[in-house]
Amino acid sequence: MNYYDVLLVEDDPDLSEALEAGLEQANLTVITSSSAEDACKVLSSNSVGIVVSDIGLPNASGLQLLKILRQNFAQLPMILMTAYGEVQQAVQALKMGASDYLAKPFTIESLIEKVIKLQKAPINDDDLAFNPGKRHRYIELAKTVAESDCAVLLRGESGTGKEVVSRYIHNHSSRKAKPFVAINCAAIPENMLESTLFGFEKGAFTGAYAARVGKFEQADGGTLLLDEISEMDIGLQAKLLRVIQENEVERLGAKEAKPVNVRIIATTNRDLADEVAAGRFRQDLYFRLNVFPVVIPPLRHRRDDLAHLASHFLTKYGSNAQLTDDAMQWLLEQNWPGNIRELENLIQRVTILCREPLVDHTALQAAFDIDARLASPQQFDVEADNGSQQEGIDKEVAHGN
């Protein structure tokens, strides 16, 4: 399996050649694709650091490719290039999980800068942004368990930062020089999850045109994050249990198993004990995973961290702006059902919409309202009604009424 710093997905051959040449001059290794389908084939047989893709691709768009990546390569950074430069399109890409975007025309220097920035952005202590004056038990537990090699079960609501804590544990363990591989058990279709976890041999099933390494083999020597483990089918749980017990994995269609040395970190937004009682989760697997449980509190119970998190995200997305006192009060008054992920999305939208040195509560409200409008079907109904009314007025004017 070859490694490339950048997978460039661009259907314009002249632009692709120019961007490839510029990236290679910056000592970055590049592999190119001209479509989303071809990009998926490249990713199935190569390892890449960052994907840079045009939004306007033939057959499947860059946004559709982004969706596929978030399902199968959750941690792979992606930069999207758009010819339109519209805020709404950029917001949509960022909401879907894009790491950054570039509006055409742009300079090769700006692309290189964004690629290098993402390359040099590993998870570190700062990404656990919190109030240093407050004692956080879950962080102390994460520090303690990082020194061991046991399985860890992280529980918390969606968006509380379970994956960040997982990476923190890995980066502070003896396995930090080895791979950290994450898989979202809820995002991958049931019939694909087994082959994604364990890999498969050529001809193992219809469509298996080449052998593929599974997540366990990719994580050998390092850490495997099983995100939202409670969503895994109970039949597949039995196969997972065997791999964990035996420390060996057998690809689909293979005749023998391969030894693997993987530390397991599992996350869930449910109480697995309740899932066991309801017959939806295997008790033996639960005890295998629940060696060291850590509960991450929701953001509404960590309001002292809001200022530090907001400042952290402003810096992360390249803004030197500061939050005013009324902006901080506005943040404190919100309930944050989406937790840290919701806050990060909001601050990222603010960095796109607001170019002022001070961010006040009106700027936060404007960024929040974009999300509220996109999430409300009634908004589109109102806009459609208004459009129909305007069309009627225009017809009356045209007829001289």
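The largest cavity in this predicted model is lined by Val91, Leu94, Lys95, Asn345, Gln348 and Arg349. The elements that contribute two or more residues to this lining are helix H4, which spans residues 87-95, and helix H15, which spans residues 339-353. Sorted by class, the residues around the largest cavity comprise two that are nonpolar, two that are polar and two that are charged. The space inside the largest cavity comes to about 40 Å³, and the count of cavities of 30 Å³ or more is one.

Another part of the model is a sheet. Five strands form an open sheet in the order E7-E10-E13-E6-E14, and their pairing is parallel. Strand E7 and strand E14 stand at the edges of this sheet, and because each of them has a single partner strand, one side of each is left without a neighbour in the sheet. From one strand to the next, the twist averages 20°.

At the E14 edge, the pairing can be followed down to single residues. Strand E6, made of residues 152-155, is joined to E14 by four bridges, and these two strands run parallel. Within this pairing, Leu154 has Val294 of E14 as its bridge partner.

The table gathers the residue ranges of the elements named above.

| Element | Residues | Where it appears |
|---|---|---|
| Helix H4 | 87-95 | lining of the largest cavity |
| Helix H15 | 339-353 | lining of the largest cavity |
| Strand E6 | 152-155 | joined to E14 by four bridges |
| Strand E7 | 180-184 | edge of the sheet |
| Strand E14 | 292-295 | edge of the sheet |

How values were computed. Residues numbered from 1 in each chain as written. Predicted model: local features only at pLDDT ≥ 70, side-chain atom pairs only at ≥ 80, totals over all residues. Heavy atoms only, no water. Pairing = 2+ DSSP bridges. Axes fitted to C-alpha atoms, helices over the stretch in contact; angles between N-to-C directions. 1 Å grid on protein atoms, 1.4 Å probe; cavity = no way out; pocket = protein on both sides within 12 Å on 5 of 7 lines; lining within 4 Å. Points joined across faces, edges and corners; volume = space filled by probe spheres on them. Nonpolar A, V, L, I, M, F, W, Y, C, P; charged D, E, K, R; others polar.
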